[in-house]
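The exercises below concern sheet topology, a pocket and backbone geometry. Please work through each task before reading its solution.

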Amino acid sequence: MEISNGGIDNTGSIITIKGMLSLLMQSVDDEKNEKKVISLAMGDPTVHSCFHTTHVATEAVAEALLSEKFNGYAPTAGLPLTRRAIAEYLSRDLPYKLTPNDVFVTSGCTQAIDVAMALLSRPGANILLPRPGFPIYELSAAFRHIEVRHFDLLPDKGWEVDLDDIESLADQNTVALVIINPGNPCGNVYSYQHLQKLAETANKLKTLVIADEVYGHLVFGDKPFVPMGVFGSTVPILTLGSLSKRWIVPGWRLGWFVTTDPCGMFRKPKVLSPFSVSFRRTCAAVPSILQQPDEVFFKKTLNLLKQSVDICYNKIKEIPCISCPHKPEGSMAVMLKLNLSLLDDISDDIDFCFKLAKEESVIILPGTAVGLKNWLRVTFAVDPYSLEECLDRIKSFYQRHAKQLQRY
């Protein structure tokens, strides 16, 4: 299978992360390799026993179900009490208060992305997406006939956005600039100053910002998490988020789509079409979950992620053919640079990942799937033992495929 840069195969179809993982799993040689399959490719920490949600969340869901008060139809935009709780939760970090009318509940952040694309779609529209980035944006934009234009993230500068790149790409048909912070798939966390520059650039270009904050507050480096909504007075912000990552419940599919617009720019003509998309119903447990923050649980999760990052970062130094230009400071993933010049019979990142799966039963995602050819995306939200075992296998794989001069 041939796949070009940007996660597009030779038929012109966009390759999804799950689609790529399915192909990689099929290449595992169960007959010749008795090693247990270990995946560092999917950002689902729930498959590891060290990651689990807080009792506050499970008890809130159980209480809502047992009450039998929420078995009927709910309003299209979500239960009022849920929308109010999300508005209050997000307002804690903003210089102004959101209202329930600013909040729309979705079936996970994936639906929030699709809703954003649907609302922004119009003839000739284009959207600016980060490279590397999350491929669901490309898929949803293509479905809505929105042209995608990629701006680069700079690995040597902590994966900051190339601001000059944005200005060169935007035109009068640019409908939005997408910012993912904390970063997926890079593990970066943007500073207040960089986010401010992004807001000012978007304002200059007269386009709104889609702030993907599904990993909001999952930071463990020196930089604090700053929500893009802080700059809502500079430029209108559509904030997308969910319970999935911070509460370790990706299967619950509970997300939100929030307008942060204290100046009322969304209400102006041609800024955003009227909301007419049907949103999924929501869970009545959300108010209890958001209003009772379990700080001990949050701290434990961050400590686990920081421990895993340290293991990952240090073990990678033992594998000459891959390098990490920037130690992750947040989220659950990291991008690694692949040095093909040190490998004897590996043609690119796709080839590397398929041979690794076959020989070592290790699944990692080729960077091509997220927009960077000859890079690798690895998730570190796994238990420490599995992470060390996985990286040891990658080291063995390197030693087996290293060019002759590298072996001695």
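Two strands count as paired if DSSP finds at least two bridges between them. Helices (H or I, at least four residues) and strands (E, at least two) are DSSP runs, numbered from the N terminus. The model is predicted, so that local features need pLDDT of at least 70 and side-chain atom pairs count only at pLDDT 80 or more, while totals for chains, interfaces and linings use all residues. Residues are numbered from 1 along each chain as its sequence is written, and side-chain values use heavy atoms, with hydrogens and water left out.

**Exercise 1.** Determine the strand order of the eight-stranded open sheet and identify its edges.

*Solution.*
Step 1. The order is E4-E11-E10-E9-E8-E5-E6-E7, with mixed pairing.
Step 2. Strand E4 (103-106) and strand E7 (160-161) each have a single partner strand, so one side of each lacks a neighbour in the sheet.
Step 3. At the E4 edge, four bridges link E4 to strand E11 (residues 255-260) in the antiparallel sense; Val-103 has Val-258 in E11 as its bridge partner.
Step 4. Helix H7 (residues 192-204) packs on this sheet, touching E7, strand E8 (174-180) and strand E9 (208-212). Contact means heavy atoms within 4.5 Å. The direction of H7 makes about 175 degrees with that of E8; axes are lines fitted to C-alpha atoms, for helices over the stretch in contact, and angles run from 0 to 180 degrees between N-to-C directions.

**Exercise 2.** Trace the chain from E5 to E6 and establish the handedness of the crossover.

*Solution.*
Step 1. Strand E5 (residues 126-131) and strand E6 (residues 147-154) run parallel and are joined by six bridges. Ile-127 has Val-148 in E6 as its bridge partner.
Step 2. From E5 the chain passes through helix H5 (residues 136-143) to E6, a right-handed β-α-β crossover. Right-handed means that, with the strands pointing away from the viewer, the path from the first strand over the helix to the second runs clockwise.
Step 3. In the loop between H5 and E6 lies His-145, a residue other than glycine with a positive phi near 60 degrees.
Step 4. E6 then pairs with E7 in the antiparallel sense over two bridges, and Leu-154 has Glu-160 as its partner in E7. This hairpin has five residues between its strands, and Gly-158 in the turn has a positive phi of about 70 degrees.

**Exercise 3.** Which strands stand at the edges of the four-stranded sheet?

*Solution.*
Step 1. The order of this open, antiparallel sheet is E12-E13-E16-E15.
Step 2. The edges are strand E12 (322-323) and strand E15 (365-366), each with a single partner strand, so one side of each is left without a neighbour in the sheet.
Step 3. Strand E13 (residues 333-338) and E16 pair over five bridges, and Val-334 stands opposite Val-378 in E16.

**Exercise 4.** Locate the cis peptide bonds that precede Pro-182 and Pro-185.

*Solution.*
Step 1. The bond between Asn-181 and Pro-182 is cis, with omega about -5 degrees.
Step 2. The bond from Asn-184 to Pro-185 is also cis, with omega near 25 degrees.
Step 3. Pro-182 lies in the loop between E8 and H7, and Pro-185 is placed in the loop between E8 and H7.
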